[in-house]
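Okay, hi everyone, thanks for making time for this. Have a look at the screen, and I'll talk you through what I found.

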Amino acid sequence: MNISYRNGKGKRVEVDVTRHAVLQFQDRFKKLYGSHITALGAQERICNIFPNTDRVYNLKLVERQRAKKYKEATLYFRDSDFTFIVADGFLLSVEISRRGERWRN
């Protein structure tokens, strides 16, 4: 399963979704909405949500520190409920970004 985004030069960049990201999405979805979804359902939701996310440019201190955990070329894409972490063409993880609910990560 692939998703994509446009880089700063306007080129389309393909992103592969890792198994870990799907499992994290399932877990975070259950914590936010209280209902379980299957791995296939999680993949479909990621494909639907990711194109509508905004890239985060001004990272907070916590996000800059967390970027060191992954790689220096880590990109964050956020919508109102989830933050998608992308590095080297892979969706590595999904976190909760809804205000007041971030502690559930």
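So, this protein has 105 residues, and 38% of them count as buried. Before I go further, keep in mind that this is a predicted model. The accessible surface adds up to about 6600 Å², and carbon and sulfur atoms account for 48% of that.

Now the overall layout. You can pick out three helices and six strands. If you walk along the sequence, the order reads β-β-α-α-β-α-β-β-β. And if you take the contacts with a separation of 6 or more, 44% of them are between residues 24 or more positions apart.

Let's move on to the aromatic rings. How many aromatic pairs does the structure hold? The count is six. One of them is Phe25 with Phe82, a tilted pair with 4.8 Å from centre to centre and 40° between the planes. Here's what I like about that one: Phe25 sits in helix H1, which covers residues 19-33, while Phe82 sits in strand S5, residues 82-87, so this pair ties together parts that are 57 residues apart in sequence.

Are those two rings buried or exposed? Phe25 has a relative accessibility of 0%, so we call Phe25 buried. Phe82 comes out at 1%, and that makes Phe82 buried as well.

Next, look at Phe29 and Tyr33. Their ring centres are 4.7 Å apart and their planes meet at 55°, so this pair is tilted too. Both residues belong to helix H1, and they're four residues apart, which is about one turn of the helix. Their surroundings are worth a look: Phe29 is buried at 6% relative accessibility, whereas Tyr33, at 37%, is partly exposed.

There's also a group of rings to find on your screen. Tyr5, Phe50, Phe77 and Phe84 come together as one aromatic cluster.

Okay, from rings to charges. A quick reminder: side chains with opposite charge can pair when their charged atoms come close. How many salt bridges does that give us here? We count three.

Start with Arg12 and Glu14. Their side chains meet in a salt bridge, with 2.9 Å from N to O. Arg12 has a relative accessible area of 53%, which puts Arg12 in the exposed class. Glu14 is partly exposed, at 37%.

The other salt bridges involve Asp27. What does Asp27 form with Arg28? That's a salt bridge, and the closest N and O atoms are 4.0 Å apart. The cut-off for a salt bridge is within 4 Å. Asp27 also meets Lys31 in a salt bridge, at 3.3 Å from N to O.

Where do Asp27 and Lys31 sit relative to each other? They're four residues apart in helix H1, so about one helical turn separates them. Put these together and you get a network: Asp27, Arg28 and Lys31 are linked by salt bridges.

How accessible are the members of that network? Asp27 has a relative accessible area of 33%, so Asp27 is partly exposed. Lys31 is partly exposed too, at 30%. Arg28, though, is buried, with just 7%. The cut-off for buried is under 20%, so Arg28 falls into that class.

That's my tour. If you want to take one picture home, make it helix H1: Phe25 in that helix pairs with Phe82 in strand S5, and Asp27 and Lys31 sit about one helical turn apart there. Thanks, and I'm happy to go back to any of the views!

Methods: Residues are numbered from 1 along each chain as its sequence is written. This is a predicted model: local features need pLDDT of at least 70, side-chain atom pairs count only at pLDDT 80 or more; totals for chains, interfaces and linings use all residues. Side-chain values use heavy atoms; hydrogens and water are left out. Rings of Phe, Tyr and Trp (its six-membered ring) pair if their centres lie within 6.5 Å; planes under 30 degrees apart count as stacked, over 60 as edge-to-face and the rest as tilted. Helices (H or I, at least four residues) and strands (E, at least two) are DSSP runs, numbered from the N terminus. Buried means under 20% relative accessible area, exposed over 50%, partly exposed in between (1.4 Å probe, protein chains only). Contact means heavy atoms within 4.5 Å. Accessible areas come from the Shrake-Rupley method with a 1.4 Å probe; for residues, only the protein chains shown count as cover.
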